[in-house]
Amino acid sequence: MKAAVLVFPGSNCDRDLAVAFRGAGFDTTMVWHKETELPQDIDVVGVPGGFSYGDYLRCGAIAARSPISSALISHADRGGYVFAPCNGFQILTEAGMLPGALLRNSGLKYICQTSALRVEETQSAFTAGYSKGQVIEIPIAHHEGNYTADPDTLRRLEGENLVAFRYVATPNGAMDGIAGVLSPNRRVLGMMPHPERAAEPLHGKADGAALFRSLAQALVAA
């Protein structure tokens, strides 16, 4: 199993993400944003959290147009897996890979805390390791985590069971408490919380580890 973790100027969770992938058994490579191709035979691309390009213009807007992003989009178009927490989620919405947008938190303040999430959908390689309705505790750390979409998009997400995670108590104003969204083929997941920061017992919580193990098991079984 091979994972690639993209690295942008301002990324600060790229190493956390790489450690979580390696902990689940992935051979993991870091890929600088100026590269134009991904390594061969990559199974999953991780788009990390942080402040890519200093969050100038809009969070994720510049990273979505960086040299490596064309390769990322092509990887997803071929059916490759993509996992994108926090700023990664913002990048995917800016690139048109996932619907909606991440706006400034409703309280207009940066939020850094552990949040309870409810697992809404287990029919994906990322979430099959959880039980539907299970409540897990995952850290959040963002200023623009307020998930917003038009009514038709929200109806489609709900109707096609593409909401992966929902906040038990919404901390940032996200519509319908949405914390994570899957692509229609369920091979791309964007979420604002950071499961890579809850992937080892020494971190205090390991609720995020199941996501990485689940993906690894799906790839082994494929």
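The paragraphs below go through a predicted model, from a central strand to the core, the antiparallel strands, the largest pocket and a few loop residues. Local features are taken at pLDDT of at least 70 and side-chain atom pairs at pLDDT 80 or more, while totals for chains, interfaces and linings use all residues. Residues are numbered from 1 along each chain as its sequence is written, and side-chain values use heavy atoms, with hydrogens and water left out.

A convenient place to start is strand β4 (residues 81-85). Helices (H or I, at least four residues) and strands (E, at least two) are DSSP runs, numbered from the N terminus. In β4, 5 of the 5 residues are buried, so the strand is largely enclosed by the rest of the structure. Buried means under 20% relative accessible area, exposed over 50%, and partly exposed in between, with a 1.4 Å probe and protein chains only. Tyr81, Phe83 and Pro85 point one way from β4, and Val82 and Ala84 point the other way.

β4 has a parallel partner in strand β3 (residues 44-46), with 3 bridges between them; two strands count as paired if DSSP finds at least two bridges. Here valine 44 has tyrosine 81 of β4 as its bridge partner. Together with helix α2 (residues 67-77), β3 and β4 make a right-handed β-α-β unit. Right-handed is meant in this sense: with the strands pointing away from the viewer, the path from the first strand over the helix to the second runs clockwise. β4 also runs parallel to strand β11 (residues 188-191), joined by 4 bridges, and alanine 84 has glycine 190 of β11 as its bridge partner.

The largest nonpolar core holds 71 residues, of which Val47, Tyr147 and Phe165 touch the most other members. Helix α5 (residues 209-221) gives the most to this core, with 7 residues. A nonpolar core is a set of buried Ala, Val, Leu, Ile, Met, Phe, Trp, Tyr and Cys residues joined through side-chain atoms within 4.5 Å.

Phe165 also appears in the antiparallel pairing of strand β9 (residues 163-167) with β6, made over 3 bridges, where valine 119 stands opposite phenylalanine 165. Strand β6 (residues 111-119) runs antiparallel to strand β7 (residues 135-142) as well, over 8 bridges. Glutamine 113 is matched there with isoleucine 140 of β7.

The largest pocket has a volume of about 200 Å³. Its lining includes Asp55, Arg58, Gln90, Glu94, Leu102, Arg104 and Glu144. Elements giving two or more residues to this lining are α3 (87-94) and β5 (101-103). A pocket is an open set of points on a 1 Å grid over the protein atoms alone where a 1.4 Å probe fits, with protein on both sides within 12 Å along at least five of seven lines; lining residues have an atom within 4 Å of a point. Grid points are joined across faces, edges and corners, and the volume is the space filled by probe spheres set on them.

Three loop residues remain. Methionine 97, in the loop between α3 and β5, counts as buried at 15% relative accessibility. Its C-alpha atom is separated by 9.7 Å from that of leucine 72, 25 residues apart along the chain. Leucine 108 lies in the loop between β5 and β6 and is exposed, with a relative accessible area of 58%. Although not a glycine, leucine 108 has a positive phi of about 60 degrees. Asparagine 161, in the loop between α4 (151-159) and β9, also has a positive phi, about 55 degrees, without being a glycine; asparagine 161 is partly exposed, at 41% relative accessible area.
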